[in-house]
Amino acid sequence: MNIRLTWRIATFPLALAGLSVVPLMGCDKAAELQNDLCCRDFTPGADLATVKWGLEGDSELIYGAFMQSVSDFTGAAGSIVVDVTSACQAIALDLGEDAATITATKPSERATQWCELALDALGEATADLSISVQPPSCTVDASVQANCEARCNANAACQLTPAEIIARCDPAQLSGRCEGQCTGSCEGSANLAVNCDGTCEGTCEGTCDAECGGQPAGSECRGECKGKCTGQCRGSCSFEGSANVQCNADCSGKCDVDFKAPKCRAQLTEPSVDCRANAECNGSCEASASARATCREPAVNIEGGEDVEAVISTLRTNLPRLLVAAQARGRLLLESGKAVVTTAASLDAVATGSVKAGACILPATNAITQAVENIEASLTASTKVMAELRIAPAADE
């Protein structure tokens with residue numbers, strides 16, 4: 001996938017728009033208009049909700065939502081490259097590699113070099129490993145999307161409620177605390193064990209009616225259960241048929257009472273007619289929500305001989321972050337980036353309405369370009385590690 005080429009072509013109109021507005025002078029020479037001309041307010045990952053861009057009416061709302069989506073997207077891209085770099089760095093150093101080998105200073109290049117060094121350190125030891133993983137998952141921040149929509153619409157009444165999250169979320173993507181009986185699955189993680197009497201995607205801690213970690217059916221299990229797990233699951237536990245159970249974590253599926261603190265793993269559907277803004281503003285809101293999604297590190301089971309204990313130890317700690325990057329957060333950021341670029345194509349005229357708005361287009365474009373490099377490097381590096389460990393791609397890749 002040539003992400004960089006595709007997105008750089010798409011963002012080219014933005015660069016032209018910025019260049020057409022910014023005077024040909026250095027920031028140090030722009031005295032009275034320095035803050036506007038040098039765009040002091042835009043920073044990747046910052047909250048820009050209170051920034052005034054100097055535009056009028058709907059243009060101010062559309063442009064504000066767009067710049068927030070750029071900030072969220074570029075900030076998240078910076079975070080993912082740090083996560084991948086630190087995970088690969090930890091693997092390499094744990095296995096005795098020399099940090100002086102790494103000479104890169106650019107974030108995307110550091111991720112590439114550290115993951116290549118981690119692969120060198122793993123070497124032939126990966127052939128002796130048996131690895132099973134819980135698929136990582138992310139929850140889109142519905143409140144970010146809805147609050148952004150409310151600002152776009154300039155309607156204070158259009159705030160998100162739990163009932164509206166449930167109404168606007170695809171039922172298959174809905175989860176939340178169920179204080180009654182849950183039908184579907186109970187969502188734990190590597191750090192949260194959930195009650196289980198079904199299929200455990202993760203580490204089963206209890207008994208397994210089939211093979212578990214080389215042990216026969218019915219034995220005490222602490223690993224991948226190839227049948228029904230009874231006890232606790234560090235991962236996602238799915239229940240058979242229409243079984244109703246008490247879930248001590250988030251329930252995905254149906255709850256016989258209203259969900260508490262409902263969450264949606266996908267973007268919300270359109271709001272009501274009274275709260276609906278224009279397409280550009282809504283697109284930016286969806287991009288922000290995807291970029292600010294919360295991702296859960298998956299449970300990982302790794303088995304091997306005594307001679308690879310050091311490899312198993314470091315992978316148990318660091319592999320979950322690489323899985324999140326390769327199979328969950330990275331893919332969400334691709335969707336966020338597409339939405340940012342789509343909206344950008346229609347903003348050329350809007351940005352010329354004020355000096356500040358026009359000047360901020362150029363640093364935003366530069367930040368998007370850097371974000372694309374960070375995401376491409378993160379996905380490529382983490383996917384190479386997955387391939388070396390013979391971990392299959394996510395089901396819908």
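For the residue classes I shall use, Ala, Val, Leu, Ile, Met, Phe, Trp, Tyr, Cys and Pro count as nonpolar, Asp, Glu, Lys and Arg as charged, and the others, Gly among them, as polar. With those classes, the lining of the largest pocket comprises 14 nonpolar, eleven polar and ten charged residues. Please keep in mind throughout that the model is predicted.

Let me stay with the pocket. The space in the largest pocket comes to about 920 Å³. Its lining is made up of 35 residues, and those nearest the centre of the largest pocket are Pro135, Pro136, Ser137, Cys138 and Arg265. Which elements supply at least two residues each to this lining? They are strand E2 (137–139), E3, E8, E10 and helix H8 (309–344). Of the contributors, H8 gives the most, with five residues.

I turn now to the sheet. Seven strands make up an open sheet, and their order is E6-E5-E7-E4-E8-E3-E9, with antiparallel pairing. E6 and strand E9 (260–264) stand at the edges with a single partner strand each, so one side of each has no neighbour in the sheet. From one strand to the next, the twist averages 35°. As general background, strands of a sheet pair through backbone hydrogen bonds, either parallel or antiparallel.

Three of the pairings deserve a closer look. E4 and E8 pair in the antiparallel sense over six bridges, and Cys182 stands opposite Cys255 in E8. On another pairing, strand E4 (residues 182–187) joins E7, again in the antiparallel sense, over three bridges. There, Ser185 has Ser238 of E7 as its bridge partner. The third pairing is between strand E3 (residues 174–177) and strand E8 (residues 250–255), antiparallel and over three bridges. In that case Ser175 has Ser252 of E8 as its bridge partner. I would also recall that E3 and E8 are among the elements that each supply at least two residues to the pocket lining.

The next topic is salt bridges. How many does the structure hold? The count is 13. One of them joins Arg292 and Asp72, whose closest N and O atoms are 3.8 Å apart. Arg292 is in the loop between helix H7 (279–291) and strand E10 (294–296), whereas Asp72 is in helix H3 (residues 57–94), so this pair ties together parts that are 220 residues apart in sequence. Are the two partners buried or exposed? Arg292 counts as partly exposed, because its relative accessibility is 41%. Asp72, by contrast, has a relative accessible area of 6% and is therefore buried, the cut-off for burial being under 20%.

A second salt bridge is formed by Lys228 and Asp197, with 3.4 Å between the closest N and O atoms. This pair also links distant parts of the chain: Lys228 is in the loop between strand E6 (220–223) and strand E7 (229–238), Asp197 is in strand E5 (residues 194–208), and the separation is 31 residues. Lys228 is partly exposed, at 27% relative accessibility. Asp197 is partly exposed as well, with a relative accessible area of 39%.

A third example is the salt bridge in which the side chains of Lys226 and Glu224 meet, at 3.7 Å from N to O. Lys226 has a relative accessibility of 53% and therefore counts as exposed, since the threshold is over 50%. Glu224, with a relative accessible area of 27%, is partly exposed. In addition, Glu149, Glu164 and Arg168 are joined into one network by salt bridges that share partners.

I shall finish with some individual residues. Ile131 belongs to strand E1 (residues 130–133) and is partly exposed at 22% relative accessibility. In sequence, Ile131 and Ile312 are 181 residues apart, but in space the separation is 9.6 Å, C-alpha to C-alpha.

Which backbone angle of Ala261 calls for comment? Phi of Ala261 is positive, at about 45°, although this residue is not a glycine. Ala261 lies in strand E9, and E9 stands at an edge of the sheet. Arg390 likewise has a positive phi, near 60°, and is a residue other than glycine. Arg390 is placed in the segment after helix H10 (355–388).

Methods. Residues numbered from 1 in each chain as written. Predicted model: local features only at pLDDT ≥ 70, side-chain atom pairs only at ≥ 80, totals over all residues. Heavy atoms only, no water. Salt bridge = Lys/Arg side-chain N within 4 Å of Asp/Glu carboxyl O. Helix = DSSP H or I, 4+ residues; strand = E, 2+ residues; numbered from the N terminus. Buried < 20%, exposed > 50% of the residue type's maximum accessible area, 1.4 Å probe, protein only. Pairing = 2+ DSSP bridges. Axes fitted to C-alpha atoms, helices over the stretch in contact; angles between N-to-C directions. 1 Å grid on protein atoms, 1.4 Å probe; cavity = no way out; pocket = protein on both sides within 12 Å on 5 of 7 lines; lining within 4 Å. Points joined across faces, edges and corners; volume = space filled by probe spheres on them.
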